[in-house]
Amino acid sequence: MAEDKKYTKIQELTYELKVGNVMTKKVVTVSPKKTIYKLRNILHTKRISGTPVVDKGKLVGIISTEDFMKCLAKGETNIPVEERMTKKVETLYADEPLVHAVRKFDQYGFGRFPVIERGKGKLVGIITKGDIIKGLLKKLEIDYHKEEIHRYRASHIFEDIVADRTTLTFHYNVVGEDFNRAGESASGLKRTLFRLGIQPDSVRRAAIAAYEAEMNIVVFTEGGKLTVSVETHRIKIEASDSGPGIPDIEQAMQPGFSTAPERIRELGFGAGMGLLNIKNCADKMNLTSKVGKGTHLEAIIYLNQR
Amino acid sequence: MTLNEVKEILEAEVIIGSDKLKMEVKIGCAADSMSDILAFAKPGALLLTGLTNPQVVYTSEISDIKAICFVRGKKPDEKVIKLAKSKNLPMLMTHLPMFESCGRLYANGLIGIGYLDIEKKNG
């Protein structure tokens, strides 16, 4: 699978998690009438470097240690917070994906953003870079535990079988031109691979490759076979049929090249991307064909061994 | 974005899955080509499509699509609805065309697959 098509787990999590999932909900706030001197006590005792300014539940500003230091330098300790706070506050909504927060930290270079409820403007929390890191680590830990269970199940089946080498093989008969059932084999395969406890990413890649191969058999042939064999280290998908064959494999691999009739295109297939999709999902792909005889496709997906 | 929000924004009708309207969709994708969905859709996405054949359901299952919304008032037949039901796949239908459906959802904060590419480019 091409490297640039993969996203890191962290990147995935930053759009899965919401700002509200990782923010600190108990927010220390200060009223706008409090003096800079009193603010000092709050910042000191709570060990924080800034705090939102809230008037009757509404967010009216934000003040940081930096603002506080400037006041100190000028000897302005008796004036109210509202006179020195930043009034135009950059905020985040609790329901925004975390990736928005990451981007905002980069963009503004601030240490914290107040989090407000969409629509109501109510302050519901505060988020720092530390919150983001903690939130991501926690989520990673949860996911890790889930993976542990998968691993246990997966190894179990193979461990229960006593042999030097174990291969589980699944056969699917694919009927040509049957568009009511086209997709059934790949669907069944996907469920089976999940039950075996194989990693979701590998299952997905195998299922996509099998589905495209299945569609090719349905669209272009009178029928064929899908054979999938699973070993602990790899999934091998074989699709074979007995005609009509591909005259020019190199051409067939070109993105967008298609010989599918309009009727097929109307179904959403035949855009000339199928073989390429298989190639992108597989770690290894081999295609042989003889015109009038048939086509044999083999796609291998390696599994992470632990 | 929840399915219920999608329903409101697109003035959509729920075909199946009225009990799943609280479900979150993280990302949106729109296509009338199955291979495009297979190649580019991210797990957990909402699919907008004008196709209503059984392969839409299979493609969605294979690509880990969480919910489908049919555009331009197209409704799948009973056979397809039954298939989606067996796979626990919620389906909505909007009278809006594809372009407007995408525009409304995007404007309301549903991110697309391109968003991830931008993020990746910016490191």
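Two exercises on chains A and B of a predicted model follow.

Local features need pLDDT of at least 70, side-chain atom pairs count only at pLDDT 80 or more, and totals for chains, interfaces and linings use all residues. Residues are numbered from 1 along each chain as its sequence is written, chains are lettered from A in the order in which they are written, and side-chain values use heavy atoms, without hydrogens and water.

**Exercise 1.** Find which residues of helix H4 of chain B are buried, and state what they pack against.

*Solution.* Step 1: H4(B) spans residues 78-86 (helices are DSSP runs of H or I, at least four residues; strands are runs of E, at least two). Step 2: B:Val80, B:Ile81, B:Leu83 and B:Ala84 are buried (under 20% relative accessible area, 1.4 Å probe, protein chains only; exposed is over 50%). Step 3: these residues fall within an arc of 160° seen down the axis, so they line one face of the helix (the arc is taken from the directions from the axis to the C-beta atoms). Step 4: on the other side, B:Glu78, B:Lys82, B:Lys85 and B:Ser86 are exposed. Step 5: the buried residues pack against strand S1 (13-16), helix H3 (54-62) and strand S5 (91-93) of chain B.

**Exercise 2.** Describe the interface of chain B and chain A.

*Solution.* Step 1: 32 residues of chain B are in contact with 35 residues of chain A (heavy atoms within 4.5 Å). Step 2: B:Gln55, B:Tyr58 and B:Ile62 supply 21% of the area that chain B buries against chain A, more than any other three residues (accessible area, 1.4 Å probe, lost on being put together, summed over both parts). Step 3: the rule finds 5 salt bridges across the interface (a side-chain nitrogen of Lys or Arg within 4 Å of a carboxyl oxygen of Asp or Glu). Step 4: A:Lys190 and B:Asp64 meet in a salt bridge, 2.6 Å from N to O.

Terms used. Buried area is the accessible area (1.4 Å probe) that two parts lose on being put together, summed over both.
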